[in-house]
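User: Could you take a close look at one helix for me, and then walk outward from there to the backbone oddities and the cores?

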Amino acid sequence: MELVALVGRPNVGKSALFNRLTKKRAIVGPQAGITRDRNIAPVVYRDLEFMLMDTGGFEPVSQDNVLAQMREQSLLAIEDASIILFMTSRLDGFTQDDKMLFQKLRQSKKPIYFLINKTDAPSHENTLYEFYESGIKTFYPISSAHGYGISDLMEQLAKDCPLLYNLPYAIEHNLITEEPPAKEQEQNKIKLAILGKPNAGKSSLFNAIFGESKQIVDNQPGTTRDPINQEFQYNDTIFDIIDTAGIRRKAKVSQQIDKYSIISALRSMEKADVCLLVIDSEQGITEQDARIASYIFHAKKALILVFNKWDLQPKTKLAKKDTEEYIADKYPFLSIAPFVYTSAVTKYNISGILKTTIETYKEYNKQITTSKLNQILSEIIQRHTPPGKGKRRAKIKYITQLRTASPLFVIYTSNPDIIPASYENFLKSQFRYYFGLKGVPINFFFRDKNPPKIEEST
């Protein structure tokens, strides 16, 4: 999912626009109970869906002047975002600080949309002569408070960046097509991200995993702000592993450690197939862990929960059982992920991480034949038909798998709009029962069309 950064001086209205677009949403799993994060949230606007980052919520260490804040916000936007929304205020004009920040952002070579906030009506556009004189070709007069001009902005975003469209729109307009099989050598290469809070043991686990590898293939050190990539081979599988060691370095320039860890996780998980969420067994799973896990699922990546420092826990099966029961009760959406108990210090069960990753990767890329899908779906529907709405009924006709990584299934049915989320969740649980898909997000799209004629050998 694309990340859009909202950047500008303090008090120009960034938070108001953030709240209007996100409707104060926070990323959560299928079940409630995860603390919301007010600085990064998904935007669902008509047919668009993307992540929005409000840089105004971050508090730099230096409070000397506005420029210190601007510099840090611009660094965040340049490094992490695909698109930048640069906001100014009609009432303040195009200030010197605005100009300095805008020039800094332009160096990123990323798409920048120049917003002039507090333009509450068409008549206010006649007062923007200062911005016209700046030589900027295109800008967007908007009102965060009243909504003026926002639809025009969003329409232009959609036109310029089709990747912002949500899944249903992308399918209906053939923006998503069935992917051709990858080459054999690429199928045996797994992109793996190690994520988690500071002090969970990510870097120690990263080093311990390399102790299990048979051969170091390549080293690709990143910059001080970027995750570190390395390739290695375990048995017949090549791993391209991403270590988010840069999280702690970022903490030095900000007091908001948790928020920076989420941003780093976003960047790393977008590159990965499988994500290891490292949890400190001494602390147990926390709201922050669950929040990062929800981002992973929202990004359609496979997830494995890795409980590090397990050598400090009681050596009983009951300890594992208690952990799993607690998570099932407090964070039920995490129960679909594999659990691995390990210790980076003692090297306990490091090989189990790699084996579980290989298994999860296979599930992530599982291709199920159309005939098998329809056979199982028919059995499920015979036991539990989708509920109706008034006199309307949803008659499911056909299913096919559109893609792998993560699996996307298109279900052809009448009246798809009346199928409730509860029935979709029921289908997902049934698919996990019949097809596995452990740790893998399942995506259904209900389409109101006759199924295509597909000839497939079984």
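Analyst: Here's a walk that starts at helix H1 and moves on to unusual backbone spots, the cores and the cysteines.

First, the ground rules. This is a predicted model, where local features need pLDDT of at least 70, side-chain atom pairs count only at pLDDT 80 or more, and totals for chains, interfaces and linings use all residues. Residues are numbered from 1 along each chain as its sequence is written, and side-chain values use heavy atoms, with hydrogens and water left out.

Now H1, which spans residues 14-22. Helices (H or I, at least four residues) and strands (E, at least two) are DSSP runs, numbered from the N terminus. Buried here means under 20% relative accessible area, exposed over 50%, and partly exposed in between (1.4 Å probe, protein chains only). On H1, the buried residues are Lys14, Leu17, Phe18, Leu21 and Thr22. They sit on the same side of H1, because they cover an arc of only 115 degrees around the axis, taken from the directions from the helix axis to the C-beta atoms. That fits the usual geometry: an α-helix has 3.6 residues a turn, so residues three or four places apart point the same way.

What do the buried residues of H1 pack against? Strands E1 (3-8), E2 (40-45), E3 (48-54), E4 (83-89) and E5 (112-117), plus helix H5 (150-160); contact means heavy atoms within 4.5 Å. Just after H1, Lys23 takes a positive phi of about 55 degrees.

Two other lysines have positive phi as well. Lys118, with phi near 70 degrees, lies in the loop between E5 and helix H4 (129-132) and is partly exposed at 26%. Lys300, with phi near 65 degrees, lies in the loop between helix H11 (287-298) and strand E12 (302-308) and is partly exposed at 33%. There's also a cis peptide bond from Ala405 to Ser406, omega near -10 degrees, with Ser406 in the loop between strands E14 (396-403) and E15 (408-413).

On to the cores: a nonpolar core is a set of buried Ala, Val, Leu, Ile, Met, Phe, Trp, Tyr and Cys residues joined through side-chain atoms within 4.5 Å. The largest has 49 residues, and Ile209, Phe431 and Phe444 touch the most other members. Its largest share, 6 residues, comes from helix H13 (residues 350-364). Leaving aside neighbours within four places in sequence, Ile209 is in contact with residues including Phe232, Leu276, Ile350 and Leu354. A second, separate core of 47 residues includes Phe297 and Leu303.

Finally, the cysteines: Cys161 is buried at 14% and Cys275 at 0%. Counting a disulfide as a pair of cysteine sulfur atoms within 2.5 Å, the total is 0 disulfides.
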